[in-house]
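This report describes how a ligand is held in its protein and then turns to aromatic contacts.

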Amino acid sequence: MSKRRPLIAANWKMHKTLEEARSLAREVRQGLQPGFNSEVALAPPFTALAAVALELAGSGLGLAGQDTHWERQGAFTGAISPVMLKDVGCRYVIVGHSERRQYFGETDRLVNLKLKAVLEVGLCPICCIGESLEERQGGHTLARVGQQLEHGLSDLGGLTGAQLVLAYEPVWAIGTGLTATPQQAQEVHAFIRSLLREFLGAAAEDVRILYGGSVTPDNAASLMAEADIDGALVGGASLKSASFLGIIKAAG
Ligand code: PEP
């Protein structure tokens with residue numbers, strides 16, 4: 001277990017109507033055991049952000065956007081800006097999720113623009129990086145992750161560790177039921193931290209690096225026992241309060 005406070009973030013993706021989102025947020029809030037150690041954040045779809053913000057008010061639980069545009073406002077039909085996410089009560093914004101990269105053509109350059117925009121309004125990005133199955137099988141995992149990190153974080157200026165969260169999400173493990181072993185994940189997390197030391201100096205020790213990819217209550221504790229795994233970004237298992245609460249409990 002690392003010295004950094006774990007962050008357990010729920011990515012609800014394109015799930016949950018308003019009423020379903022309210023109920024799930026309420027169940028998570030009410031189901032937390034006193035004295036839990038982690039910070040917890042929920043990323044509902046945009047349509048449910050305001051409703052979930054009300055459910056979480058005064059709880060200390062964080063609200064997160066699943067994506068953002070890189071401009072503050074303008075003629076970008078269908079898009080949501082970081083200013084709007086801050087306005088609705090978000091603390092975090094997921095940036096560069098592999099589904100955005102895969103289905104919406106998001107590039108490292110766009111990720112970089114989004115990170116700058118999110119930081120500029122004082123929100124904390126949860127920046128996702130990770131290799132495909134072909135890249136892992138070809139022995140290119142560290143090169144790919146290093147490239148995403150280098151391009152994504154370029155020209156961000158001096159950051160404190162608290163301003164940034166990274167999520168290592170091997171694409172082959174997302175929504176597939178395949179999980180990286182704790183050793184596989186730790187190898188990449190340690191590599192990410194070594195690169196962060198080059199970019200950010202001492203602040204790298206305070207950046208939380210989450211693991212994401214089929215995290216469940218059964219595998220969460222062994223993953224988070226690794227030195228550089230500082231929490232989890234959870235998709236499927238965050239859609240039911242029992243499994244999400246089980247992951248929070250496993251984080252200690
Ligand atoms: C995710 O979407 O970020 C994710 C990790 O999904 P899952 O937990 O379902 O693999």
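## Ligand site and aromatic contacts

In this predicted model, the space that the ligand takes up is the second largest pocket. The ligand is surrounded by 14 residues, and the closest are Lys 13, Glu 169, Gly 175, Ser 214 and Gly 236. By class, the shell around the ligand consists of 4 nonpolar, 8 polar and 2 charged residues.

Backbone atoms of three glycines, Gly 175, Gly 235 and Gly 236, make polar contacts with ligand oxygen. The distances are listed below.

| Residue | Protein atom | Ligand atom | Distance |
|---|---|---|---|
| Gly 175 | backbone N or O | oxygen | 2.7 Å |
| Gly 235 | backbone N or O | oxygen | 2.8 Å |
| Gly 236 | polar backbone atom | oxygen | 2.8 Å |

The protein buries 96% of the 290 Å² that the ligand exposes when taken alone.

The next point concerns aromatic rings. A pair of aromatic rings is described by the distance of the centres and the angle of the planes. The count for this model is 1 aromatic pair. A charged side chain also sits over a ring: Arg 100 lies over the face of Phe 104, at 3.9 Å from the ring centre.

How values were computed: Residues numbered from 1 in each chain as written. Predicted model: local features only at pLDDT ≥ 70, side-chain atom pairs only at ≥ 80, totals over all residues. Heavy atoms only, no water. Near = heavy atom within 4 Å. Polar contact = N/O pair within 3.5 Å; in protein donor to acceptor, adjacent residues only side chain to side chain. Areas by Shrake-Rupley, 256 points an atom, 1.4 Å probe, with all protein chains shown as cover. 1 Å grid on protein atoms, 1.4 Å probe; cavity = no way out; pocket = protein on both sides within 12 Å on 5 of 7 lines; lining within 4 Å. Sits in = over half its atoms within 2 Å of the grid points. Nonpolar A, V, L, I, M, F, W, Y, C, P; charged D, E, K, R; others polar. Phe/Tyr/Trp six-rings, centres within 6.5 Å; stacked < 30°, edge-to-face > 60°. Lys NZ or Arg CZ within 6 Å of the ring centre and 35° of its normal.
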